Amino acid sequence: MAAFQPSLECDNISNIHSEQTDSDLIQKTDERYRETLPNLPKGKGWITEHLVQYQGFWLTPNAALKILMWVQDHFKPRPTDIFLASFPKSGTTWLKALIFATVNRTRYGFADHPLLTTGPHDCFPFLDAHLQEKDRSRFDLDRFPSPRLLSIHIPYILLPNSMTDHQSCRFVYICRDPKDVLVSKWLFLNKLRPKDLPPISLEEAFELFCQGISHYGPFWDHVLGYWEGSLETPEKILFLKYEDLKKEPLVVVKRLGDFLGYPFSLEEESKGVVEEIVKLCSFENLSTLEVNKVSEQKFSKDTIIDNRHFFRKGKVGDWKTYLTTEMVERLDEITYEKLLGSGLVFGS
Ligand code: PAP
């Protein structure tokens, strides 16, 4: 995956490793991975044969588990790093575009902005790409200028202390009503499911999701980890909801600017810069761009996804088209019980 970078000058702040080479480190993680994998509980996979449960969360046995271990063992964050964290299908693509446009707004004009020709996932890569990309010159974390913009689906409580302690990097977390997450995920993953496997029915996807057997699930544990983290260290974790962003994009983008240390000046506000960013990153704009209709994303050696699959409807409440009343009641009930006492609620 070739990550779009504003410039590739190394700024010499805490590189990913010091004495050992990258391949030594990856080899050590490989050993831990090979020892651990056979002992993990298995659940049915959505696009792979199965998911494995590691430290309470369900992960793809190959990519996600390996990446998590590598992050836990070796990743050294910079204090300036900005992480976008999310449970899959919660609004990652949208937030990638918004954060990229906000942080780089003095660098690029809106008429020839990189997001017009480069997909959000290439402007703001997943941290995973460091391990996936064989050609380091195409994705070398050490050479990324600060602030590095990196995306993760890793649950907060599984992150190493180096990433969660008070001094280190910042996180923007985006969450979404689990009913919309489930529907979005089911439709998305059925498109990626290998052709030789039968599609997963909505009923089956629903059962798996309710049991927590879903990439980086259980959904509720994922959300609660970042929610509680954001209550403890609000200066470190900005907790956002997809629904709020839909309702009041200007308000949320201004909050985003403040949180990331890139506040919008009064002059920028009066010139309509916030509106420009919201318009540039809107579903209506991004989903109609050529790059997001025809190009593809390589997420791992086995996973190549057409960009267009990241843009479906972009609506709040599309679950109404798909879920039965019984499904809605059961999912709402689980959500209510899991989030009880946390202060976090999702609209129904
Ligand atoms: P990912 O976890 O695979 O990266 P993610 O981007 O989090 O996916 O979620 C995709 C959802 O965000 C899709 O929702 P839907 O299936 O309900 O339609 C997608 O349409 C929506 N989405 C993508 N870009 C935008 C955007 N600019 N504004 C609003 N929603 C968007």
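# No disulfides, two open sheets

The sulfur of cysteine 123 has its closest cysteine sulfur in cysteine 281, and the 9.5 Å between the two is too far for a bond. That is a handy way into this structure, which is a predicted model. Across the whole structure, a search finds zero disulfides. The secondary structure comes to 16 helices and nine strands, and two open sheets are a good place to look next.

**Cysteines**

- A disulfide is a covalent bond between the sulfur atoms of two cysteines.
- To count as a disulfide here, two cysteine sulfur atoms must lie within 2.5 Å, so the 9.5 Å from cysteine 123 to cysteine 281 is too far.
- Cysteine 123 counts as buried because its relative accessibility is 2%, a value under the 20% cut-off.
- Cysteine 169 is buried too, with a relative accessible area of 0%.

**The whole protein at a glance**

- The protein has 348 residues, and 57% of them are buried.
- Its accessible surface comes to about 15,700 Å², and carbon and sulfur atoms account for 52% of that area.
- Take the contacts with a separation of 6 or more: 75% of them join residues 24 or more positions apart.

**How confident is the prediction?**

- The average pLDDT is 89, and 88% of the residues score at least 70.
- Residues 7-19 have a pLDDT below 50, and in the model this stretch has 31 contacts beyond near neighbours in sequence.

**The antiparallel sheet**

- Strands of a sheet pair through backbone hydrogen bonds, either parallel or antiparallel.
- Three strands, in the order β1-β2-β3, make up an open sheet with antiparallel pairing.
- β1 (42-44) and β3 (57-59) are at the edges with a single partner strand each, so one side of each has no neighbour in the sheet.
- On average, neighbouring strands of this sheet are turned by 40° against each other, direction ignored.
- Three bridges pair β2 (residues 50-54) with β3 in the antiparallel sense, and valine 52 stands opposite leucine 59 in β3.
- Lying across β2 and β3 is helix α2 (residues 63-74), which runs at about 25° to β2.

**The parallel sheet**

- Four strands form another open sheet, with parallel pairing and the order β5-β4-β6-β7.
- At its edges are β5 (149-152) and β7 (237-241), each of which pairs on one side only.
- Here the average turn between neighbouring strands is 20°, direction ignored.
- β6 and β7 run parallel and are joined by five bridges; cysteine 175 has lysine 241, in β7, as its bridge partner.
- Helix α3 (residues 92-103) packs on this sheet and touches β4 (82-86), β5, β6 and β7, with its direction at about 165° to that of β4.
- Helix α11 (residues 249-260) also packs on the sheet, where it touches β4, β6 and β7; its direction makes about 170° with that of β7.

**A residue to find: aspartate 177**

- Where is aspartate 177? Look in the loop between β6 (170-175) and α7 (178-192).
- Is aspartate 177 buried or exposed? Aspartate 177 is buried, because its relative accessible area is 5%, and the cut-off for buried is under 20%.
- Which residues are in contact with aspartate 177, leaving aside neighbours within four places in sequence? They are Glu243, Trp319, Phe346 and Gly347.

Definitions and conventions: Residues numbered from 1 in each chain as written. Predicted model: local features only at pLDDT ≥ 70, side-chain atom pairs only at ≥ 80, totals over all residues. Heavy atoms only, no water. Pairing = 2+ DSSP bridges. Axes fitted to C-alpha atoms, helices over the stretch in contact; angles between N-to-C directions. Contact = heavy atoms within 4.5 Å. pLDDT = per-residue confidence, 0-100. Buried < 20%, exposed > 50% of the residue type's maximum accessible area, 1.4 Å probe, protein only. Areas by Shrake-Rupley, 256 points an atom, 1.4 Å probe, with all protein chains shown as cover.
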